[in-house]
Amino acid sequence: MVKDEELAELMKQVAADVYPAAGVLVNQAEQQGRRLRRRRLAWIAGGNAIVVLGIAALAAALVQAPSGAQPSADRGLASLQPASGSGSRGAGSAGPSGTSSSASAAGPGKSAASGQPESSVSASLPTASTKPMTVHQMLAVLRSLLPAGSELTDARKNYGPGTLEVNYNDGNGLADIMVDITPFTQVESAKQLLQPGASGSDVLALSCPHPLWSDEGQRPAGALPISCAVRTPPGGGIERDAVMYADGYGFYGYGIYDQRPDHVEVFIQVGNGYFDPYLPHVDRATPPGSMKLWEQVVESPLWRA
Amino acid sequence: VADRTEDGGEFREFASARAGQLFRIAYLTCCDWHEAEDLVQITLAKLYVAWHRVSKANNADSYARTVLMNTYLSHRRLRRSGELPVAAMADTGAPVEDHDMRLALIAALRQVPPRSRAVVVLRHLEDHSIESVAQLMNISPAAVKSLNTRGLARLREVLDADRTLFLS
């Protein structure tokens, strides 16, 4: 068996022979840095406008609020529900920068381009998010979205906010579920950013590979076939629904990415086994649930970064 | 203006000195030459934006590695859509003395899950401690241990088959 020291030595030996074009990288990084700095300043300016409008809306709401206001806990819960009032719609369209980046980030063929009205979900979600969900919040949301009687155990708390990994038992064996929530601004393409006039389009559209993936290991008998489809969900944005290739252990599952109009990407992976404790343990031919179920889970407005 | 020029000079000096090592970390972590270039470029660009604050805090090296890993872990999820089977990937890296050895390592690393791979590279290429990796990746030491063990187990399994290539 290869020893740890041998692995370290191998990595160092290989890395020592790697010579990138450092000068070019630094030049391009500097150019890109200048662009990012300009964009950040523009974003701050737009954000300030939204904050001012938000304060004005809040002040107006307080003036008009009925005497029996909700307790704070209820207000917190209510903030997770899709809103339908004109206040949130107004806030979503208030900032010119937010509106334009929302349209461009939504990807090709979105409502802004086709002239279709925004859906209730996209209208109700804010254009920017600052606070990641805690593991506890994510676990509560996932639990609320699964069929009654579902069992979630062993939630790992070591990934930090925005990522949940948990074992799911639907009665047919344990399955590892991972949910990840990422604001779009964390996903950037250097090449796109460097293109002149590319401001606001720094989100890569989801697509399926051609040809599709191939298995790295043995796919279990009776497994779902590899598949991939990209579509626009009812709430807008762009979603990629896939049944992934099997890794060396025969571990595979549903993998769904939803890039939502509120600039938040929700990703879920539902496996055909669990980790025991570090390696995949395949205990079923197919992952639990159906593609339809996991699509609904991913598209829920309850996920808020 | 004078301050900015000075900042730019300092940044350039730092970036030029560190770009090579950042690239090596990126390359072994993402296992793709072009993606590694993207990652290092984005990392340095973000460092440029934050340079005034980062350089004053005297933690530019740690900051760069943290940004690199965060960018890699978020970047790759979208890159998955373009992932190709290992055999179909063109090797665009610079020539090395033992080409087979590098290919074997890169092919093996590709089979390690991304987070585990990031931990393994920081731990064993750069010799960071468990605590240091935890800090750089903003995860707990327990998570680092878990990901490291998981990653090494996978790496060993794959490399054992190719042992004669590089450990003769």
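Reader: I'm looking at helix 6 and helix 7 of chain B. Is their crossing left-handed or right-handed?
Author: The crossing of these two chain B helices is right-handed. Keep in mind that this is a predicted model.

Reader: And what makes helix 6 of chain B oblique to helix 7 of chain B?
Author: Start with the angle: the axes of helix 6 (residues 114–124) and helix 7 (residues 130–137) of chain B come within 10 Å and cross at roughly 130°. An angle over 145 degrees would count as roughly antiparallel, and 65 to 115 as roughly perpendicular. A value of roughly 130° fits neither range, so helix 6 of chain B is called oblique to helix 7 of chain B.

Reader: Which residues of helix 6 of chain B meet helix 7 of chain B?
Author: On the helix 6 side you'll find Arg115(B), Ala118(B), Val119(B), Leu122(B) and Arg123(B). Their partners in helix 7 of chain B are Ile130(B), Val133(B), Leu136(B) and Met137(B). Sorted by class, that contact has seven nonpolar residues, two charged ones and no polar ones.

Reader: Helix 6 of chain B also packs with helix 1 of chain A. Why is that pair described as roughly perpendicular?
Author: Helix 1 (residues 4–16) of chain A and helix 6 of chain B pack at an angle of about 85°, their axes 9 Å apart. The range for roughly perpendicular is 65 to 115 degrees, and about 85° falls inside that range, so the label applies.

Reader: What does helix 1 of chain A meet in helix 6 of chain B?
Author: Ala8(A), Met11(A) and Lys12(A) meet Val120(B), Val121(B) and His124(B). By class, this contact has four nonpolar, one polar and one charged residues.

Reader: Let's switch to cysteines. How do you know that Cys208(A) and Cys228(A) form a disulfide?
Author: Their sulfur atoms are 2.0 Å apart. The cut-off is within 2.5 Å, so the pair passes. The count over all chains comes to one disulfide. Cys208(A) sits in the loop between helix 9 (190–194) and strand 4 (227–231) of chain A, while Cys228(A) is in strand 4 of chain A, 20 residues apart, and the pair links distant parts of the chain.

Reader: Is that disulfide left-handed or right-handed, and how do you know?
Author: The torsion about the S-S bond of Cys208(A) and Cys228(A) is about -80°, so the disulfide is left-handed.

Reader: Why is Cys228(A) called buried?
Author: Buried means under 20% relative accessible area. Cys228(A) has 19%, so Cys228(A) counts as buried. Cys208(A), with 15%, is buried too.

Reader: Then why don't Cys30(B) and Cys31(B) have a bond?
Author: The sulfur of Cys30(B) is 6.6 Å from the closest cysteine sulfur, in Cys31(B). A disulfide needs the sulfurs within 2.5 Å, so 6.6 Å is too far for a bond. Cys30(B) is buried at 8% relative accessible area, and Cys31(B) is buried at 1%.

Reader: One last residue: what makes Thr43(B) buried?
Author: Thr43(B) has 0% relative accessibility. The limit is under 20%, so Thr43(B) counts as buried. Thr43(B) is found in helix 2 (residues 33–49) of chain B. Not counting residues up to four places away in sequence, Thr43(B) touches Ala64(B), Val67(B) and Leu68(B). From Thr43(B) to Tyr63(B), 20 residues away in sequence, the C-alpha to C-alpha distance is 9.3 Å.

Technical notes
Residues are numbered from 1 along each chain as its sequence is written. Chains are lettered from A and ligands numbered from 1 in the order in which they are written. This is a predicted model: local features need pLDDT of at least 70, side-chain atom pairs count only at pLDDT 80 or more; totals for chains, interfaces and linings use all residues. Side-chain values use heavy atoms; hydrogens and water are left out. Helices (H or I, at least four residues) and strands (E, at least two) are DSSP runs, numbered from the N terminus. Buried means under 20% relative accessible area, exposed over 50%, partly exposed in between (1.4 Å probe, protein chains only). Axes are lines fitted to C-alpha atoms, for helices over the stretch in contact, and angles run from 0 to 180 degrees between N-to-C directions. Angles under 35 degrees count as roughly parallel, over 145 as roughly antiparallel, 65 to 115 as roughly perpendicular and the rest as oblique. A crossing is left-handed if the near helix is turned anticlockwise from the far one by less than a right angle, and right-handed if clockwise. Contact means heavy atoms within 4.5 Å. Ala, Val, Leu, Ile, Met, Phe, Trp, Tyr, Cys and Pro count as nonpolar, Asp, Glu, Lys and Arg as charged, and the others, Gly among them, as polar.
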